[in-house]
Each structure stands twice: as C-alpha cells, then as structure tokens.
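Q: I'm new to this structure and would love a close look at a single part of it. Could you walk me through it step by step?

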Amino acid sequence: MVMFDGEELGRIEEKLKEWREKTLPKWLERMPERMEEFTTLSDIKVKDVYTPLDLKDWSYLEKLGLPGEYPFTRGIHATMYRAKLWTMRMFSGYGGPEETNRRLKFLIQHGETGLSLAFDEPTLVGIDPDDPLAEGHVGIEGVNIASLRDMEIVFDGINMGEVTTNMTINPPAPVLLSYYVAVAEKQGVPYHRIGGTTQNDPLKEFIAQKTYVFPPEAAVKIAMDVVEWSVKNLPKWNPISISGYHIREAGATAVQELAFTLADGIEYVRQLIARGLDVDQFAPRLSFFFDSHINFFEEIAKFRAARRMWAKIMREWFGAKKQRSMWLRFHTQTAGVSLVAQEPFNNIIRTTLEALAAVLGGTQSLHTNSFDEPFRVPSEFAAKIALRTQQIIAYESGVADVIDPLGGSYYVEWLTDEIEERAWKYIDRIESMGGMLEAVKKGYPQREIMDASYKFQRDLEEGRKFIVGVNIFRSDDIDEIRNVPLLEFDQEEIEERQKRRVKEVRANRNQERWKRSLEDLRRAAERGENLMPYVLEAGRSYATLGEIMGVLKEVYGVYVEPPEY
Amino acid sequence: MSSLQSTEAVGGAVRRFKVLVAKMGLDGHDRGAKVVARALRDAGFEVIYTGLRQTPEQVALAAVQEDVDVIGVSILNGAHIHLMKRLMTKLKDLGADDIPVVLGGTIPVPDLEPLYRLGIREIFLPGTSLAEIIEKVRKLAEEKRSREEAVTGVGGC
C-alpha cells in the first residue's frame with residue numbers, strides 16, 4: 001500500500017513543476033540561497049523541499065509498520081517513552097575507585113537511572129598500575145581497576161541487584177566482567193538479577209578505538225567467549241555492545257558508522273552461529289551503541305534506518321524467529337568530537353541538539369557529554385548540567401510523549417531511505433571481502449575513515465562546513481576558556497595509591513588458589529576452551545588485571561598496528 | 001610532487017622538510033595525528049608517522065635517527081605533562097634539543113604555561129586550522145635549517 005494514489009501524485013507533480021518554474025525563480029532572484037549546495041554532515045546532498053513525490057513507491061507498512069512491530073523503524077517497543085523513558089546513563093569514572101564511587105553516588109542522587117563506567121587507559125589495555133607503560137596514565141581518562149579489590153570499592157554501598165552497569169571495556173572484558181560478577185556474588189545478588197553491558201566489541205578496536213591488545217582472530221574469539229558464557233549464565237547481561245560511536249568519532253560519516261557497525265554485528269552473529277548457538281538464543285542479548293552527531297535530521301534518520309536494517313538482517317539473513325532477536329536496542333552518546341575548546345559553554349547547546357536527535361531516533365539509553373570535555377573528564381558541575389539536559393528533554397519538552405513523532409516527514413523518510421541504501425552498498429562491499437574480520441585485516445574500514453576525516457577537515461577549512469567559534473564567528477578569547485572550572489585531582493597521588501593497593505592485593509591473597517587459577521586459565525586458553533569460567537575463578541582469586549591479561553597475551557600474542565595515515 | 005614552499009635548496013639539490021608525527025603512551029586517539037600528517041604531506045613535507053603506543057624515548061630516538069626538522073606530537077589522553085617531560089628530557093640527553101617540538105590535543109589552559117616552559121615551541125588546541133599548523137611547522141623547520149647552515153656553512157643562494 002503506497003502512501004498516495006496516482007491521481008493525487010500527479011496533481012502534486014504538476015503543482016511542484018509550476019512552483020519550480022514560476023514561483024521559485026522570482027524568489028531566488030531577490031533572495032539567492034546561502035550555499036551553492038546543501039549537504040548533511042555526511043555529504044548527502046539535500047534539496048530545498050521534500051514532498052510525497054520523494055516517497056513515490058514508498059509503502060507505509062513495509063517501511064515503517066507500527067511501534068514494536070517489524071521492521072521496528074518506529075521503535076522497538078509498542079509503548080516507547082510513554083511507558084518507560086530511556087535510561088539516563090552517564091559515562092563516568094576518574095581517579096581511583098574511591099573517587100569513582102563518589103561520582104556514581106552523586107549522579108544517582110541527581111536522578112541518573114543507569115551506571116556506566118569509564119576506565120583509564122591502563123585498564124583499557126589490560127595492564128596493572130605499576131606496569132612501566134602505565135606511568136603517568138593512571139586515573140586520568142577514567143577509573144583505574146587493577147583487581148577485584150578495586151571493583152569492590154567502586155560498588156561499595158551500591159546494590160548491584162538494583163542498578164544496571166555499562167562497562168566500556170574491550171580486550172579485558174572477560175576480566176572486568178569477572179570482577180563485576182564476583183562483587184555481585186559477595187553482595188548476594190543472584191545471577192539472574194545481574195544486569196548491565198560489557199562493550200566487548202573487538203572489531204571496532206582495530207577500526208577506530210585503538211585499545212586493541214590481541215590480534216584480530218583471537219580478539220574475536222575471546223569476545224565471543226564472553227557472549228556465549230553470558231547468554232548461558234547471566235540472562236540480563238548484554239555481553240556485547242556493537243559500537244559505532246568510536247567509528248564515528250574517528251572520522252567516519254553517519255553512513256559509514258551505520259554500515260560498519262552492522263557489518264561488525266553480522267560478523268559476530270556468524271561467529272556465534274558457528275559455535276553451534278541458536279540465533280534466537282543469543283540475538284536478544286546483542287546490543288548496539290551509536291554516536292549522535294550535530295546534523296539533526298541525519299542522525300534521526302540513521303537511527304531509524306539502523307533498526308529497519310538490523311531487523312531485516314536478523315529475520316532474512318539469519319532466520320531469527322523471535323521478535324526480540326530482530327530488535328536493534330541501542331545506547332547513544334552525544335558526539336564528543338563535536339565539542340570544541342573555543343567558547344566551551346556553547347558545547348551545552350551542541351549536546352542538547354544531539355541528545356534530542358537521539359531521543360527522536362528512539363534510543364534505549366543515553367549519555368550526554370559535559371561541556372568541559374575538550375579539556376578533561378567532567379567536573380561534577382558540568383556532569384550535572386549534562387544529566388539535567390536529558391531530564392529537561394524528558395520531562396519538559398514533550399518530545400517523549402508521542403512515538404517516533406517525525407515518522408511520515410517527507411524529508412526524514414527520504415533521508416532514512418537514502419542512508420539505508422548507502423549503508424547497504426558498504427555492507428555489500430564488506431561481504432564481498434569475506435565479512436568484517438577480513439575487511440579489518442585488509443585495513444578497509446580504517447582507510448575509509450581516514451579519508452572521511454581528512455575530507456571533513458578540508459571542508460571546515462574551505463568553508464563548506466561550519467563550527468561556531470572555530471571557523472565562523474571565530475573566538476580567540478582565551479580567558480573564556482581559562483574561566484571554565486575544571487575537575488581537579490592529584491593524579492600522581494592516585495597513581496601511587498593504586499600502585500600500593502595492587503601490591504597489597506598480590507601480597508595478601510590465597511597464593512595457592514591464585515596460582516592454580518592462572519595455570520588453569522592458561523591450559524584452557526591453550527585448549528581453546530571458553531575462557532570465562534577460568535577468568536572468573538582468577539578474578540575471584542584476586543588475580544590482577546595485568547596478570548590475567550599477561551597469561552592470555554602469552555597464549556594469543558599481541559597486535560601491532562601498521563602506522564598508516 | 002612536492003611544493004617548493006616546503007623545501008629548501010641545499011647545494012642545488014632540494015631537500016624537503018621532514019616532520020615526525022608522533023603518538024606516545026597508551027593514547028589511541030589517532031584521528032588528529034593522521035589528519036595533520038596527511039595535511040603536512042599534501043603541503044610538501046616529508047612525513048614519518050610513528051604509529052601508536054610509542055614511548056617518549058622511542059620517539060626521541062626516531063627523531064634523531066631520521067634527522068627530522070620538526071617533531072609534532074598529538075596527545076588527547078591527559079598525560080601530556082608526563083609524556084612531554086620525558087620526551088624533552090630524552091631529546092636533551094641525545095643532544096637533539098635543537099629539534100623544535102610542537103604539540104596538539106586536548107590541553108587544559110592551565111597546562112599551557114608548564115608545557116611551554118619545557119621548551120615546546122607551539123601548542124595547538126582543538127579547533128586550530130591545518131593552515132595555521134602547516135605555517136607554524138614550516139617556520140620552525142626553516143629556522144632549524146638556517147641554524148644548521150650557519151654552523152656548517154652549507155646553504156643555498
């Protein structure tokens with residue numbers, strides 16, 4: 001069933017022709033357009049006006065359907081935000097576990113509805129704070145977690161049966177998950193109530209985030225161990241968050257972000273099926289993570305296209321039967337890369353627009369960046385404004401009261417179709433290379449992103465794209481930057497504290513149990529078994545992050561990226 | 001084809017300015033480094049990119065071995081004071097502190113002064129244009145070459 005009948009379309013066509021030939025030229029003579037051509041942030045050329053003619057063969061039921069029904073373009077739930085708002089999940093963590101415990105409690109107190117842990121770089125690449133490579137890095141970009149002891153402190157006074165926690169962790173995902181589960185065990189929380197997410201998305205590490213440790217094949221194997229074990233043991237856990245965010249931040253366009261993320265997802269689904277798992281057993285636990293950038297409608301269209309594409313992939317490619325297997329459930333973070341140092345308070349407005357796009361795009365969970373993030377991890381003051389931004393959208397603006405309110409907009413529907421079509425082309429290309437694992441090894445998505453990021457920078461410099469305060473309404477007021485109150489903490493003191501604590505942990509644990517757990521882990525790795533039960537036992541035995549990762553590095557080796565640019 | 005603006009005639013031959021673009025420590029944010037490396041290359045510089053996770057000491061050594069005119073470091077992980085201190089110390093130890101060092105990244109304003117005191121010649125905050133980076137790097141490279149000519153007596157014209 002198409003939206004307009006032929007007769008009506010004919011009349012519109014006639015009218016539009018007349019408008020283009022008669023009305024518009026007169027206006028353009030007096031008021032020429034601001035730009036020679038208008039494009040989205042991803043260089044999709046957009047017209048002046050969209051009409052039913054742009055949706056000529058467009059079928060409502062085929063393209064949209066209803067909320068909670070295939071292909072889920074309008075949202076994965078029939079009730080959407082009328083029943084349950086998105087989870088307000090602020091990516092948080094700095095310093096040691098004590099500082100982070102305080103920050104989590106501060107955000108909970110101000111109405112945050114889910115937790116999300118940001119780890120520092122030593123944790124992200126799986127080394128202990130007293131490793132020489134960690135020197136000067138501990139606690140800066142997130143919390144340092146070196147053992148179960150640190151995780152106990154992070155969750156001191158927080159009931160893990162009542163919160164869900166995202167952990168942005170990749171190669172060491174099995175280790176951090178084991179620490180999390182071990183603390184929950186100590187709190188007496190049963191496995192069926194442990195809820196949250198491990199990012200655990202290895203392919204995008206090579207594509208964009210660059211906290212890789214193991215070579216691609218081993219990295220995927222270990223990540224799939226986490227998924228398989230979680231599906232069987234932690235029914236509420238999202239063991240993977242297939243992430244476009246970092247891909248976009250590294251310079252990809254919206255189309256590339258969408259295509260590469262879904263292609264990563266396709267690779268994981270194949271890997272899991274190859275393990276003998278039934279698609280409907282694991283697919284409902286796959287989750288996604290996207291960026292919300294500054295070009296408003298493009299982002300909304302991207303989110304809607306993503307849902308429709310994933311539903312189709314799961315149903316038609318992989319034969320999923322359960323509705324839940326077809327759901328693209330996703331977390332969104334506003335675009336860190338859109339924030340600038342110049343006139344930093346303007347970043348609040350950027351974040352607001354991006355958060356609004358995420359909500360209009362039907363996100364399940366949202367992090368809003370703080371305006372001070374071009375300089376450092378956020379202060380309490382800045383993080384609270386970011387959280388309040390979500391609350392104002394949720395409770396004041398009214399945008400959450402109607403499901404997919406932009407559905408049916410000629411422009412948004414056209415753009416949704418356009419982004420989808422372009423993304424399929426990329427996916428076809430990646431399929432022809434043998435899937436994303438092979439494409440990554442060939443450096444294909446990496447090069448595409450490099451080209452896109454360089455082009456964007458050239459566009460900025462040549463005045464085809466704008467950033468207020470940077471290349472238009474340029475601000476050189478350094479005092480305005482100087483007056484931003486930044487988070488202050490004594491990094492050196494925290495680094496010393498974390499080094500001291502990890503040494504204490506090593507000295508005070510049951511040495512026999514610890515030693516055996518690492519030996520068992522090594523043997524399991526050599527035999528190619530699922531590592532999770534062994535990592536969990538090592539975690540419970542207070543094996544440190546660096547020790548567990550050290551065993552795995554010895555078995556699987558490490559990845560070194562070719563230095564291309 | 002190199003742009004003449006980024007080269008200098010040495011004894012009739014043309015030697016392009018050589019820049020080492022470096023990432024140090026555990027910082028994986030490589031978008032800026034790669035964009036700048038490409039822009040410098042397109043402007044006619046010879047560019048060597050270190051790749052990720054280099055120690056400051058490795059970067060200093062590479063700069064000396066490759067005989068570069070400028071070192072450009074990109075840091076977006078907050079560890080800039082620590083990493084730059086080590087880099088500058090190692091350059092001094094190697095007797096290579098005549099190589100000008102520039103830095104780009106997410107640097108809080110209060111850290112600018114201590115970094116300049118370490119001897120860093122230029123610091124580029126987010127939002128700096130490629131044109132500005134290219135111009136300043138070129139100027140530093142020219143200065144270094146003319147200092148060398150003054151010492152060795154080798155030079156054009």
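Which residue just after H12(A) takes a positive phi?

A: Happy to help! Please keep in mind that this is a predicted model. The residue you are asking about is Gly319(A), whose phi is about 65° and which comes just after H12(A).

Let's look at the helix itself. Helix H12 of chain A runs over residues 296-317, 22 residues in total. The expected span is 1.5 Å times one less than the number of residues, so this helix should span 32 Å, and its end C-alpha atoms are 31 Å apart, which agrees.

Why look at the sign of phi at all? Most residues other than glycine have a negative phi. With that in mind, two further places in chain A are worth a visit. Asn200(A) is not a glycine, yet has a positive phi of about 50°. You will find Asn200(A) in the loop between strand E6 (195-198) and helix H7 (203-209) of chain A. Asp404(A) is not a glycine either, and has a positive phi of about 45°. Asp404(A) sits in the loop between helix H15 (380-395) and helix H16 (410-432) of chain A.

Their surroundings can be told apart by counting C-beta atoms. A residue is buried if 20 or more other C-beta atoms lie within 10 Å of its own. Asn200(A) has 30 such neighbours, so Asn200(A) is buried. Asp404(A) has 19 other C-beta atoms within 10 Å and is therefore partly exposed.

One more backbone feature is the peptide bond between Tyr70(A) and Pro71(A), which is cis, with omega at about 0°. Most peptide bonds are trans. Pro71(A) belongs to the loop between helix H2 (60-63) and strand E3 (87-92) of chain A.

Now for the wider setting. The largest nonpolar core has 197 residues, and Ile548(A), Val19(B) and Leu40(B) touch the most other members. Helix H10 (residues 254-274) of chain A gives this core its largest share, eleven residues. Leaving aside neighbours within four places in sequence, Ile548(A) is in contact with Val175(A), Leu521(A), Val535(A), Ala538(A) and Ala543(A).

Finally, the two chains meet: 27 residues of chain B are in contact with 32 residues of chain A. On the chain B side, helix H1 (31-42), helix H3 (80-93) and helix H5 (130-152) each supply at least two residues, with the largest share, five residues, coming from H1(B). By class, that side of chain B has 13 nonpolar, ten polar and four charged residues.

Methods
Residues are numbered from 1 along each chain as its sequence is written. Chains are lettered from A and ligands numbered from 1 in the order in which they are written. This is a predicted model: local features need pLDDT of at least 70, side-chain atom pairs count only at pLDDT 80 or more; totals for chains, interfaces and linings use all residues. Two residues are in contact if their C-beta atoms, placed from the backbone, lie within 7 Å. Helices (H or I, at least four residues) and strands (E, at least two) are DSSP runs, numbered from the N terminus. Ala, Val, Leu, Ile, Met, Phe, Trp, Tyr, Cys and Pro count as nonpolar, Asp, Glu, Lys and Arg as charged, and the others, Gly among them, as polar. A nonpolar core is a set of buried Ala, Val, Leu, Ile, Met, Phe, Trp, Tyr and Cys residues joined through C-beta atoms within 7 Å. A residue is buried if 20 or more other C-beta atoms lie within 10 Å of its own, exposed if 12 or fewer, and partly exposed in between; C-beta atoms are placed from the backbone.
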